[in-house]
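Here is a short briefing for a reader who has not seen this structure before. It is grouped by topic and can be read beside the model.

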Amino acid sequence: MAHDPTAPLGFGTLAIHGGQSPEPTTGAIMPPIFQTSTYVQPAIAEPLGGVYDYARVANPTREALERNLAALESGKHGVAFASGLAAIESVVKTLSAGDHIVTEENTYGGTTRMFTRVFERLGIEFTFVDSRDPEAVAAAMKSNTRLVHVETPTNPMMRVCDIAAIADIAHDGGAILMVDNTFASPFNQRPLEQGADVTVHSTTKYLNGHSDIIGGALVVRDDALAEEIRFVRKSTGAVPGPMDAWLCLRGAKTLHVRMRQHNAAGLAVAKYLEDHPRVDRVFYPGLASHPQHELAARQMDGFTGMVSFDVGTLDRARAIAEHTQLFALAESLGGVESLISVPALMTHASVPAERRERMGVTDGLVRLSVGIEEIDDLVADLDRALGG
Ligand code: P1T
């Protein structure tokens, strides 16, 4: 049967072709790395293409990545940043002193630190809530609330929140909803399809997938919001270099292939841990025992390679994290190689101990980023470290 050019393309096809076309001068199938800081203008204030005056403002390699990410997230505009935190920061910088943000309490520790130690000082007000309960979000809304920020699943407790329900609450209160989709990746979850206004990524993680860049991105549908965000980025400067943008685009083209394996390995490891006598609790939305498994199954297409589990004490967590051989002891996540960490002492050390404990980020919590090595080898590695 002939291909219908108007039929929507599948995710894996978009990953490779979304927003891409051969370079017009030579037909190069890969976008060139435009490693330049400025562009020669034919006449004063008449840059080529109307935009290419200075590389903080516009760069064709970065734009190739942005078009691809917009396609993967079902959005219209991608905006790439120097890091995931810079991406989140730029949305907050569209607000003013006196504005209020409602945020999930269990975000990446660096996000909490930015909110409480940088933006509160600058006059932005925050309310931290458990967004698993949409009523808690509704109760926290105020007349000056401009933004609701959630992560789902959360880092590292794998809490899941109802994106569609929270989008309605945000909109009813005159605010926009930003969803940190870093843990899920667009292969597993596309928040804009469920009513969110902004999806944010640390592209450092699954989107790049090879642990060789730091990067971030926002994807939105609204033209005016995209304009505002690009204005903040141009005015404050947190742009990625062209080489990092190119690496991220190269990684994004295999996202679907990698995520299928991350999902399978994450589920297999979570099931193995759930049956292990020395593991007290496993946090993985793909397990039927996860309190929000049904919601996760409804709004996600897969459950990622992120798995957290509690072994009771810091000594036991340390003994495991320092004794795996394939799982490398390191911060970060989402690369092809497996990583292990102890969030209370590493990624979430900057979160006050009392809040950490309340959320379940105990000293005995271990976090895995399950990579795409052979599943049997990964389970055997954990089995040795846990004292099978
Ligand atoms: O590191 P950076 O690219 O700036 O991204 C920050 C960030 C934002 N959102 C989520 C959900 C994240 O997990 C991160 C970074 N996280 C780690 C480094 C980590 O090990 O959890």
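How many Å separate a polar side-chain atom of S202 from an oxygen atom of the ligand? The distance is 2.8 Å. The model is predicted: local features need pLDDT of at least 70, side-chain atom pairs count only at pLDDT 80 or more, and totals for chains, interfaces and linings use all residues. Residues are numbered from 1 along each chain as its sequence is written, and side-chain values use heavy atoms, with hydrogens and water left out.

**Ligand surroundings**

- The ligand is surrounded by 17 residues (a residue counts if one of its heavy atoms lies within 4 Å). The closest are D180, T204, K205, S332 and R367.
- Besides S202, the side chain of T204 has an N or O atom 2.7 Å from an oxygen atom of the ligand.
- For R367, an N or O atom of the side chain is 2.8 Å from an oxygen atom of the ligand.
- On its own the ligand has 480 Å² of accessible area, and the protein covers 93% of that area (Shrake-Rupley method, 1.4 Å probe).

**The sheet**

- An open sheet is formed by 7 strands in the order β1-β7-β6-β5-β4-β2-β3, with mixed pairing. Strands are DSSP E runs of at least two residues, helices are H or I runs of at least four, and both are numbered from the N terminus. Two strands pair if DSSP finds at least two bridges between them.
- At the edges are β1 (77-81) and β3 (125-129), each pairing on one side only.
- Neighbouring strands of the sheet are turned by 20 degrees against each other on average, direction ignored. Axes are lines fitted to C-alpha atoms, for helices over the stretch in contact, and angles run from 0 to 180 degrees between N-to-C directions.
- Strands pair through backbone hydrogen bonds, either parallel or antiparallel.

**Strand β7 and its partners**

- β7 (residues 216-220) pairs with β6 (residues 198-202) in the antiparallel sense over 5 bridges. T199 has V219 of β7 as its bridge partner.
- β1 and β7 are also paired in the antiparallel sense, over 5 bridges. There V79 stands opposite L218 in β7.
- In β7, 5 of its 5 residues are buried (under 20% relative accessible area, 1.4 Å probe, protein chains only).
- G216, L218 and V220 on one side of β7 and A217 and V219 on the other are all buried, so both faces are covered.

**Helix α3 and residue T111**

- Helix α3 (residues 84-92) is largely enclosed by the rest of the structure, because 7 of its 9 residues are buried. These are G84, A86, A87, I88, S90, V91 and V92.
- T111 lies in helix α4 (residues 109-119) and is buried, with a relative accessible area of 1%.
- Not counting residues up to four places away in sequence, T111 touches L85, I88, H149 and E151 (heavy atoms within 4.5 Å).

**Residue R316**

- R316 lies in helix α11 (residues 314-321). With a relative accessible area of 30%, R316 is partly exposed (between the buried limit of 20% and the exposed limit of 50%).
- Leaving aside neighbours within four places in sequence, R316 is in contact with R278 and V311. The R316 side chain reaches the backbone oxygen of R278 at 3.4 Å.
- R316 and L365 are 49 residues apart in sequence, and their C-alpha atoms are 9.5 Å apart in space.

Conventions:
Polar contact = N/O pair within 3.5 Å; in protein donor to acceptor, adjacent residues only side chain to side chain.
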